[in-house]
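Here are my notes on this model. Keep the structure open and follow each point on it.

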Amino acid sequence: MIVVVNFSNRKHGNCYSIAGTVKKHYGDKKVKIFNFIDETFKSCGNCEYECFTSKCSINDGLKELFKSILQSEETIFIIPNYYDYPSSNFFLFNERCHGFMHNNEELHKRYLEVPKKFMVVSSTNVINFKTACAYHIPHGTIPAILFFNARKFHQCSIDGNLMQNSDAVELVNNFLSTDYTREESAMAIVLCQNTVLATIEEVYDKATLSLPKGHIEEGEKPIDAAIRECFEETNEIITPKNFVEELKPFDIVFVNYCNKLIKKTIYPLVFKIDKPGDIKSKEERIKKVAYLPIGEFLKKCSYENVKTMIIEAISK
Ligand SMILES: Cc1cc2nc3c(=O)[nH]c(=O)nc-3n(C[C@H](O)[C@H](O)[C@H](O)COP(=O)(O)O)c2cc1C
């Protein structure tokens, strides 16, 4: 099932007709559309902030929408620009959903990993949308956003007739059918006593604590890629004898530096060694490598899903 969320406050505007185009695009496939204008979702408040201590006390249909997103194979957000920011419906959705996930890292991880695409009707701003959408995908990845600048179609977005323009419709169809560039990556979770081998990488100019990982080459097995990448990035030598198990692979969708839409499957593999080797950073992108106590790693790691995997790995 594909879920479409229309954050507009106008019944039959551009976002509504873009949602219709999305539905048409998928033909017989089940597409569930949530139009905020038809709902009576409440913003956060009129409560004692129970989400911080137990669970959200607001009973409206938003949980239903949240569950549908979790069950979807892909979710598409359609967001209008209201004074250079996403409409307030988007912020309502953001605060309420984070309220559901507040005490549940596993749920947060599942939510972030649902593949998502964003369509934004905006002629005047890009950056605020990139920032806001990034909260809905795994940390360190760039959201896949299609911006509709009505002026480029010689239209005024207030008129609400963007989808009467065949070029704009084609843009939607192309965006939805753009074949993702598929990538596969192997991740080595190397445990040594009560420590884990960690890397500090530069991801989009930000220091990010993660694990050794990298591209699986054509014909290469995930285990061989994990062993190779681990050596290439950290100089640590692990062998198939150190292999413990493979954890469940997961997908992430994002836009890379060249504006390409990427769907990356990550294969996490657990290894155990008795004593650390002569580790050092061997790639420019990696600023530091270290065996960190697991507690410290969990506190500092930038990726929720990686933290969850470490917890799973040490629980075996
Ligand atoms: C209150 C309000 C503020 C808006 N501010 C902007 C803006 O700053 N930049 C922009 O490009 N469009 C702006 N728009 C235009 C809307 O983004 C555009 O009309 C969009 O199509 C609205 O979605 P809808 O057609 O589904 O209602 C604004 C519209 C409204 C109602």
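1. Start with the two domains. This is a predicted model. The C-alpha centres of domain 1 and domain 2 lie 31 Å apart. Domain 1 covers residues 2-176, and domain 2 covers residues 181-314.

2. Next, look at where the domains meet. Domain 1 gives 16 residues to the contact, and domain 2 gives 17 residues. On the side of domain 1 that touches domain 2, the largest share comes from helix 4, with six residues. By class, the residues on that side of domain 1 are seven nonpolar, four polar and five charged.

3. Now take the chain as a whole. It has nine helices and 14 strands. The radius of gyration of the chain is 22 Å, and the globule rule gives 20 Å for 316 residues. Those two values are close, so the chain is as compact as a globular protein of that length. Along the principal axes, the C-alpha atoms fill a box of roughly 65 × 45 × 35 Å.

4. How much of the chain is buried? Of the 316 residues, 34% are buried. A residue counts as buried when 20 or more other C-beta atoms lie within 10 Å of its own. Contacts are worth a look too. Take the contacts in the chain with a separation of 6 or more: residues 24 or more positions apart account for 73% of them.

5. Helix 2 makes a good worked example. Which residues of helix 2 are buried? In this helix, residues 62-71, they are Leu 62, Leu 65 and Ile 69. Look down the axis of helix 2: its buried residues fall within an arc of 60°, so they line one face of the helix. Turn to the other side of helix 2, and Glu 64, Lys 67 and Gln 71 are exposed.

6. What covers the buried residues of helix 2? The cover includes three strands: strand 1 (2-6), strand 2 (31-35) and strand 3 (74-82). It also includes helix 3 (88-101) and helix 4 (105-113). Helix 4 has appeared before, on the side of domain 1 that touches domain 2.

7. Finish at the ligand. There are 18 residues around it, and Ser 8, Arg 10, Gly 13, Cys 15 and Pro 80 come nearest. Helix 1 (14-25) and strand 3 are the elements that give two or more residues to this shell. By class, the shell has seven nonpolar, nine polar and two charged residues. Strand 3 is also part of the cover over the buried residues of helix 2.

How values were computed: Residues numbered from 1 in each chain as written. Predicted model: local features only at pLDDT ≥ 70, side-chain atom pairs only at ≥ 80, totals over all residues. Buried ≥ 20, exposed ≤ 12 C-beta atoms within 10 Å, placed from the backbone. Helix = DSSP H or I, 4+ residues; strand = E, 2+ residues; numbered from the N terminus. Arc of directions from axis to C-beta. Contact = placed C-beta atoms within 7 Å. Domains from an automatic or database assignment. Nonpolar A, V, L, I, M, F, W, Y, C, P; charged D, E, K, R; others polar. Near = placed C-beta within 6 Å. Rg over C-alpha atoms; globule rule 2.2 N^0.38 Å.
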